[in-house]
Amino acid sequence: MHFSDGQIPAEYRRYIGWKTTLLIISLGLLAITLVIAISLGAARIPLSDVIASLLDFPVSRRVDVIVWNIRLPQALAAIVAGAGLSISGTAMQSILRNPLGSPFTLGISHAAAFGAAFSVMVLGGGIMTSTNAGAVTITSPYMTTGAAFIASLVAAGIIVGISRTRGATPEVMVLTGVALGALFTAGTMFLQFFADDIQLAAMVFWTFGDTARASWSELGVISIVVAVSSLYFLMNSWNYNAIDAGDETAKGLGVRVERIRLIGMLLASMVTATIISFLGIIGFVGLVVPHMARRIIGSDHRFLLPASILGGSLLLLISDTAARLMLAPHVLPVSVLTAFMGAPVFIYLIIRGQRR
């Protein structure tokens with residue numbers, strides 16, 4: 001079939017326009033969900049009052065306290081954490097050419113959790129305490145974040161090293177991640193064995209991902225790390241498209257594959273370590289969302305990466321809101337919901353891979 005010169009650009013514009021429209025719709029849906037999430041809870045707040053408070057119009061002090069001191073930081077933490085975990089998973093799946101790659105399945109989440117626990121229990125980077133409200137406080141979060149980051153770098157370095165060996169398959173890399181996860185989980189359990197009752201209870205509770213732990217200052221740190229890393233990933237979307245076609249093809253197009261792979265793994269590890277050290281383990285978001293986004297918007301990373309950011313934010317925000325409401329007035333950790341959702345998807349991906 002022959003196309004005139006004007007038809008191809010028109011089709012390309014429609015291609016770009018449709019995917020851009022999907023991203024705009026997702027952004028609008030995220031904004032609407034944010035307002036609804038803030039209004040729901042043990043104390044229901046009318047949507048009009050939530051909007052007025054967010055726009056700094058005069059509302060009752062009670063509404064302002066609930067919105068600005070309790071629900072808005074938690075909702076924004078869910079949005080930022082979901083975005084960070086999702087784009088990290090998308091980048092890992094691309095640079096490792098592994099559809100099951102994510103911070104959770106590759107053991108990086110467990111490594112970061114071990115680093116945080118090691119900092120608290122051994123390095124004196126903080127004391128985990130349980131309050132009457134059931135919250136966990138880390139007195140020195142930045143040292144804890146640093147220890148979690150270093151531990152995650154170890155796991156990421158092992159995975160990158162194996163991925164560079166000749167003949168390494170995606171299955172081998174996933175099995176390596178499972179082994180690393182078991183190893184670091186054993187290390188965390190070893191530390192728990194020597195903890196006293198209060199430390200043990202607090203440490204176990206800390207492993208459950210909970211967006212309510214993030215204060216405004218901690219939210220700022222997480223947001224900066226996620227924003228800088230996401231910007232790097234977005235700037236390299238063309239490189240990820242090339243890597244998807246194979247290392248040799250990418251190198252032929254001038255892509256520095258090894259450098260892109262190394263920096264990508266380091267940044268994904270840093271994002272994961274930062275989120276986990278502040279919020280606890282939130283699993284499967286980085287695995288599920290990239291596949292959902294890929295089915296809806298395609299494999300072009302120029303659109304897949306932004307779609308993963310918005311999809312992860314939306315998914316974790318909805319999950320966090322549902323976790324607050326399911327057992328109200330008790331709050332269910334959001335990681336429980338994401339695990340219930342992610343595990344069946346993970347099994348489905350394994351079965352589909354076996355059939356190929």
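In what follows, a contact means heavy atoms within 4.5 Å. Keep that in mind as you work through this predicted model.

**Exercise 1. Describe the setting of helix α9.**

Task: Find which residues of α9 (residues 237-244) are buried, and which helices they pack against.

Solution:
- Step 1. Look along α9 for buried residues: these are Ser237, Tyr240, Asn241, Ala242 and Ile243.
- Step 2. Follow their contacts outward. The buried residues of α9 pack against α3, α8, α10 (247-252), α11 and α13.
- Step 3. Now go just past the end of the helix, where Gly246 has a positive phi of about 120°.

**Exercise 2. Explore the nonpolar cores.**

Task: Work out which residues touch the most other members of the largest nonpolar core, and which helix gives the most to this core.

Solution:
- Step 1. Start with a general idea: in soluble globular proteins, nonpolar side chains tend to be buried together.
- Step 2. The largest nonpolar core here has 43 residues, and Ile275, Leu279 and Leu317 touch the most other members.
- Step 3. Next, see where the members come from. At least two residues each are supplied by α1 (7-39), α3 (61-95), α8, α11 (257-279), α12 (285-297) and α13 (301-326).
- Step 4. Among the contributors, α3 gives the most, with 11 residues.
- Step 5. Zoom in on Leu317. Leaving out residues up to four places away in sequence, Leu317 touches Leu30, Thr33, Leu34, Ala37, Ala75, Ala78 and Ile79.
- Step 6. Another core, of 30 residues, lies apart from the largest one; Ala111, Met173, Ile243 and Ile309 are among its members.

**Exercise 3. Find the salt bridge.**

Task: Say how many salt bridges a search of the whole structure finds, then classify the two partners as buried, partly exposed or exposed.

Solution:
- Step 1. Recall that side chains of opposite charge can pair when their charged atoms come close.
- Step 2. The search finds 1 salt bridge. The side chains of Asp300 and Arg302 form a salt bridge, with 2.6 Å from N to O.
- Step 3. Buried means under 20% relative accessible area. Asp300 has 12%, so Asp300 is buried.
- Step 4. Arg302 has a relative accessible area of 22%, so Arg302 counts as partly exposed.

**Exercise 4. Compare two unusual backbone angles.**

Task: Locate Asp56 and Phe284, and decide whether each is buried or exposed.

Solution:
- Step 1. Most residues other than glycine have a negative phi.
- Step 2. Asp56 is not a glycine, yet its phi is positive, about 65°. Asp56 sits in the loop between α2 (47-54) and α3.
- Step 3. The relative accessibility of Asp56 is 67%, so Asp56 is exposed.
- Step 4. Phe284 also has a positive phi, near 75°, and lies in the loop between α11 and α12.
- Step 5. With a relative accessible area of 13%, Phe284 is buried.

**Exercise 5. Judge the confidence.**

Task: State where in the protein confidence is lowest and where it is highest.

Solution:
- Step 1. Begin with the whole protein: the mean pLDDT is 82, and 86% of the residues reach 70 or more.
- Step 2. Confidence is lowest in β1, at a mean of 48, and highest in helix α8 (residues 216-235), at 94.
- Step 3. Over residues 130-135 the pLDDT is below 50, and this stretch has 6 contacts in the model beyond near neighbours in sequence.

Technical notes:
Residues are numbered from 1 along each chain as its sequence is written. This is a predicted model: local features need pLDDT of at least 70, side-chain atom pairs count only at pLDDT 80 or more; totals for chains, interfaces and linings use all residues. Side-chain values use heavy atoms; hydrogens and water are left out. pLDDT is the predictor's confidence in each residue, from 0 to 100. Helices (H or I, at least four residues) and strands (E, at least two) are DSSP runs, numbered from the N terminus. A nonpolar core is a set of buried Ala, Val, Leu, Ile, Met, Phe, Trp, Tyr and Cys residues joined through side-chain atoms within 4.5 Å. Buried means under 20% relative accessible area, exposed over 50%, partly exposed in between (1.4 Å probe, protein chains only). A salt bridge is a side-chain nitrogen of Lys or Arg within 4 Å of a carboxyl oxygen of Asp or Glu.
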